[in-house]
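Here's a quick walk through some side-chain contacts and backbone quirks. Have the viewer open and follow along.

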Amino acid sequence: MTLRSPILAAAAQVPEAKAVVTIAAPSDPVHVTHSFKDRIEDIRKDGEAEVSLAGRPFRIKRAFLDDIAESNLMPHVAKLHKALLVMHSPTDDTVGIDNATKIFVTAKHPKSFVSLAGADHLLSGKG
């Protein structure tokens, strides 16, 4: 597991952490590749490429694709043994609310959910 791995998978490697907070997190990291599926071949071939996610440019590297391909988050969530706060917008067009539901239902207590009503995926609004 590398530092590029999702926090839900990496949390067990941080014994000092007492809690984990997710904001607009996908329940399956491979989900993010749907947003730039037309660039995956370029990333694999060239080692990296700039893609647009939620309307903003991001540089994606081959190592990121490798990390998420190996990630299966739900077993990590089920064995988290830390307090969990899931924050997600029901109107998130990038990562649907069903992702937050899956994370929340899989997690053991203590856990809480905060609805970020009206927010977009990158929380770009002033409100």
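Is F104 buried, partly exposed or exposed? With a relative accessible area of 24%, F104 is partly exposed, since the buried class needs under 20%. Keep in mind throughout that we're looking at a predicted model.

**Around the F104 ring**

F104 is a good place to start, since it takes part in the one aromatic pair that the structure holds. Its partner is F113, and the ring centres lie 6.2 Å apart. The planes meet at 80°, so this counts as an edge-to-face pair; the cut-off for that label is over 60 degrees. F113 is partly exposed too, at 35% relative accessibility. There's also a charge to look at here: K111 has its charged end over the ring of F104, 4.5 Å from the ring centre. So which residues should you click on for this corner? Pick F104 and F113 for the ring pair, then add K111 for the charge over the ring of F104.

**Salt bridges**

Now for the charged pairs. The structure holds five salt bridges, and here are some of them, including two made by R59.

| Pair | Closest N and O atoms |
|---|---|
| R59 and E48 | 3.2 Å |
| R59 and E50 | 3.8 Å |
| D46 and K45 | 3.9 Å |

Where do R59 and E48 sit in the chain? R59 belongs to strand β3 (residues 56–61) and E48 to strand β2 (residues 48–53), so to speak of sequence, the two are 11 residues apart and the pair links distant parts of the chain. The R59 bridges to E48 and E50 share a partner, and this joins E48, E50 and R59 into one network.

How accessible are the members of that network? R59 is partly exposed, with a relative accessible area of 48%. E50 falls in the partly exposed class as well, at 45%, and E48 does too, at 31%. For D46 and K45 the label is another one: both are exposed.

**Backbone oddities**

Next, a few spots where the backbone deserves a look. The peptide bond leading from H109 into P110 is cis, with omega near 5°. You'll find P110 in the loop between α5 (97–106) and β5.

Which phi value does A24 have? A positive one, about 60°, although A24 is not a glycine. A24 sits in the loop between β1 (19–23) and α2 (40–46). It is buried, with a relative accessible area of 7%.

H81 is also not a glycine, and its phi is positive at about 55°. This residue lies in the loop between α4 (73–78) and β4 (83–88). Is H81 buried or exposed? Exposed, with a relative accessible area of 75%.

**A nonpolar patch on the surface**

Last stop: the surface. V21, I23 and L123 make a nonpolar patch of about 250 Å². L123 comes from the segment after β5 (111–115). With a relative accessible area of 41%, L123 is partly exposed; patch members need over 30%, so L123 clears that mark.

Methods:
Residues are numbered from 1 along each chain as its sequence is written. This is a predicted model: local features need pLDDT of at least 70, side-chain atom pairs count only at pLDDT 80 or more; totals for chains, interfaces and linings use all residues. Side-chain values use heavy atoms; hydrogens and water are left out. Patches are made of residues with over 30% relative accessible area and no salt bridge: like charges are joined within 9 Å, nonpolar side chains (Val, Leu, Ile, Met, Phe, Trp, Tyr) within 5 Å. Accessible areas come from the Shrake-Rupley method with a 1.4 Å probe; for residues, only the protein chains shown count as cover. A salt bridge is a side-chain nitrogen of Lys or Arg within 4 Å of a carboxyl oxygen of Asp or Glu. Helices (H or I, at least four residues) and strands (E, at least two) are DSSP runs, numbered from the N terminus. Buried means under 20% relative accessible area, exposed over 50%, partly exposed in between (1.4 Å probe, protein chains only). Rings of Phe, Tyr and Trp (its six-membered ring) pair if their centres lie within 6.5 Å; planes under 30 degrees apart count as stacked, over 60 as edge-to-face and the rest as tilted. A charge sits over a ring if NZ of Lys or CZ of Arg is within 6 Å of the ring centre and within 35 degrees of the ring normal.
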